[in-house]
Amino acid sequence: MKRSIFAICLVFCIIFASAGFAAEKKITLRFANWGSTEKATSDTFKKMIADFEAKNPTIKIDSVSFPYGDIKQQVLVMSAAGDVLDVVQAERAMVDSYIGSGYVTDVERYFSKSYLNDFYPNILNDLKSGGKIYGIPWIASPWVLVYNKELFTKAGLNPNTPPQNLTQLMDDAGKLSGLKDKDGNSVYGLGETTGNVPISGSSIYRIMLTFGGGIWNKRGQVAINTKGNVDAFRYLKTLYEKKYNPETAKLKDLRNLMAIGRLGMYFDQTWGMGGIYGINPAIKSQLGMAPIPATSVTSGLSDLNAHVLCIMKDSKHKKEAAKFIEFITSKETLVELYKQSPFFAPRMSIDNLPEFHDSMLKGAKAGVKQIVPLAKQNPNYENAYLELVNAAQRVTLAGETPESVVKNLDTKLKTILK
Amino acid sequence: MQTGILSGRKLKDNMFICFTLLPTLVVVLFSCFIPVVQSVYMSFFNYILSSVGNYFWNNFQNYREIFTEGELWPSVAITLEYVFIVVALQLALGMLLALILNRNIIGRKLMRSLILIPWIYPTVITALLWSWLFHSEYGVINYILVQAHILQKPVSWLGSVGLALPSIIVTSIWKQLPLMIIMLLAGLQSIPIEMYEAAVIDGAKSFQIFRHITMPFLRNVIRTTVLMSIILNFKQFPLFWIMTGGGPVNATSTLAIYSYRNAFVNLNLGKGAAVASIWLLILLLTYFIFDKVFKVNEIE
């Protein structure tokens, strides 16, 4: 009797278990990204997704790929049309547009405290709006000074002591500008990007911060007409007048010049090195990296450059999305990504691992502490950045005074960021 | 009785014409008319893509912003300057080259084929190609001019306030000239040879032949080609966006760039549509003025 009861129970257990197993549906997460469209990262993205799916057989990742330049528009259009995405890869400045749109959700509740506490506070705080976190930083970088050690030696400078302050920076730029490359072309001493793209505006914002200026005052109002900002634009004007800086160069132009040995120093994100190696792999050993030199008012400050992972508000699988984000911000995935181009891992436990600090990045390690979180989120940051570029070009190419440009910029940004 | 048969046949003909035109009209309605009306309609609304749920009538706010922020008129001026210079130079050069290619010169057929190459290139490729040619550091143009001692040092063609627009104009002429030449050449070949022979017998000189025979016969071709060129250049976007992005210091910010920036950089579709509506009005106005001027000449 007991045996037959046991057999019946066993049969029921098997039936229920198999029914439950059959009912367990495979969830599909839609991951919008640009990484899988780029040659340098596409294989890493494929592997990362395959590894996650292998570890989580009930979750399938549908990679929705867009070129970098189109992703923001596409994500907003898809969201407006009710075409639901779950996880979105975003550039730092895009996050403001997503927060403004209301399509992304705050993420704090989906992650453990220990996970969130592992991030550098200044990096995580940069993604806060109204006290809530709207994205998980994936890879991060402050603006850093990149320099050519061989050109430093040629100019009589010590390649192991990059400039620490503004005076040294300008002196070194002057010495480097006197050099010629092997074809007799002149070398530029110091590159600052002022090309017509938003990322140039982010770089100019970094200069404004370093000179004690910025966009917002302590009361959260736009306040551009300050001495710090005037000094920042005067610095750009000086670089132009002394011909240290190539005119209206985009970051890719500066990377090209650095790769062919025609640029002594320039400011870039750490992952910009991938662009330099891509053109000239042999130059890797000649490159050095350093934090932003100090001015008389600050010890060098930077806005955050980061790739961020956001969870969309309409996603029906937010917990699974968080699980995927945890996986791709783990050590294993980041090590793979680091092989393509260097970056700082925003998670302290990972950033301090030896795999993330080759000899070049070590020089710029202190740069992470120079990151200043944005005082206020605004969906129009990218447009504001383009106005900063326009202001820089007015000072340099159109010969306007820094004072008049800053005054004009104050009016414009008050409208754009209202 | 015969009149009745004729009017019945006319009715049938008209119905047949309407029937054959119908597919075209439907396509034009859906691909042209409805989007234009939708765009004009949208221009009266607050429609910002990055601000969900804020789609409402905004009491002409888009237009008020455009007319007060001071970017509209410089954009109009740059657009008109660009269109006028490109069309005028294209017509002059196109006429010259068409006249040359219309003569019995050696390799005429080969030259007529080669001249089409710039027209075959997609505009995006043309923009990228000329961006590299004009590049201040690695550009071939600077290299040649410096080697020939015409320039002492390389010039930033696309990064200079005064040179950016002329550089785009050069690119645009290079790209569009073949079409102008081909159209004019076709016009030239339709002029009866007897007209020229009679003029030569009457002792007319080359310029007189050009003025009194070639030009009057080409008038309709010129009118159509110039009109096409005006419209094409009025809406020119890829050359500007790829080569300069509207810079430096807004020196190449045309109405197309101004509209795109509002709609797709600021994601303010309502304001972008408002700029596009003003742009459409200016284009229509230009067309009517042009049409009137040419018709007056035709009557004369």
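## The sheet

In this predicted model, chain A has an open sheet of 5 strands with mixed pairing, laid out in the order 2-1-3-11-6. The edges belong to strand 2 (59-65) and strand 6 (136-141) of chain A; each has a single partner strand, so one side of each is left without a neighbour in the sheet. From one strand to the next, the twist averages 20°.

Further in, strand 3 (residues 87-91) and strand 11 (residues 305-311) of chain A run antiparallel, joined by 5 bridges. Along that pairing, Ala90(A) sits opposite Val308(A). Helix 2 (residues 39-55) of chain A packs on the sheet, where it touches strand 1 (27-33), strand 2, strand 3 and strand 6. The direction of helix 2 makes about 160° with that of strand 2.

## Two domains

Chain A splits into domain 1 (24-140 + 306-370) and domain 2 (144-304 + 374-416). Their C-alpha centres are 28 Å apart, and the contact draws on 28 residues from domain 1 and 24 residues from domain 2.

## Where they meet

Between them, the two domains of chain A bury about 2200 Å², with 60% of that on carbon and sulfur atoms. On the domain 1 side, Asp96(A), Met360(A) and Gln370(A) supply 33% of the area buried against domain 2, more than any other three residues.

As for polar links, the interface has 1 salt bridge and 7 residue pairs in polar contact. Which elements of domain 1 give two or more residues to the side touching domain 2? They are helix 4 (92-101), strand 4 (128-129), strand 6, strand 11 and helix 16 (359-362) of chain A. Helix 4 gives the largest share, 6 residues.

Methods:
Residues are numbered from 1 along each chain as its sequence is written. Chains are lettered from A and ligands numbered from 1 in the order in which they are written. This is a predicted model: local features need pLDDT of at least 70, side-chain atom pairs count only at pLDDT 80 or more; totals for chains, interfaces and linings use all residues. Side-chain values use heavy atoms; hydrogens and water are left out. Two strands pair if DSSP finds at least two bridges between them. Helices (H or I, at least four residues) and strands (E, at least two) are DSSP runs, numbered from the N terminus. Axes are lines fitted to C-alpha atoms, for helices over the stretch in contact, and angles run from 0 to 180 degrees between N-to-C directions. Contact means heavy atoms within 4.5 Å. Domain bounds come from an automatic or database domain assignment. Buried area is the accessible area (1.4 Å probe) that two parts lose on being put together, summed over both. A salt bridge is a side-chain nitrogen of Lys or Arg within 4 Å of a carboxyl oxygen of Asp or Glu. A polar contact is a pair of N or O atoms within 3.5 Å; within protein, one must be able to donate a hydrogen and the other to accept it, and residues adjacent in sequence count only if both atoms are side-chain atoms.
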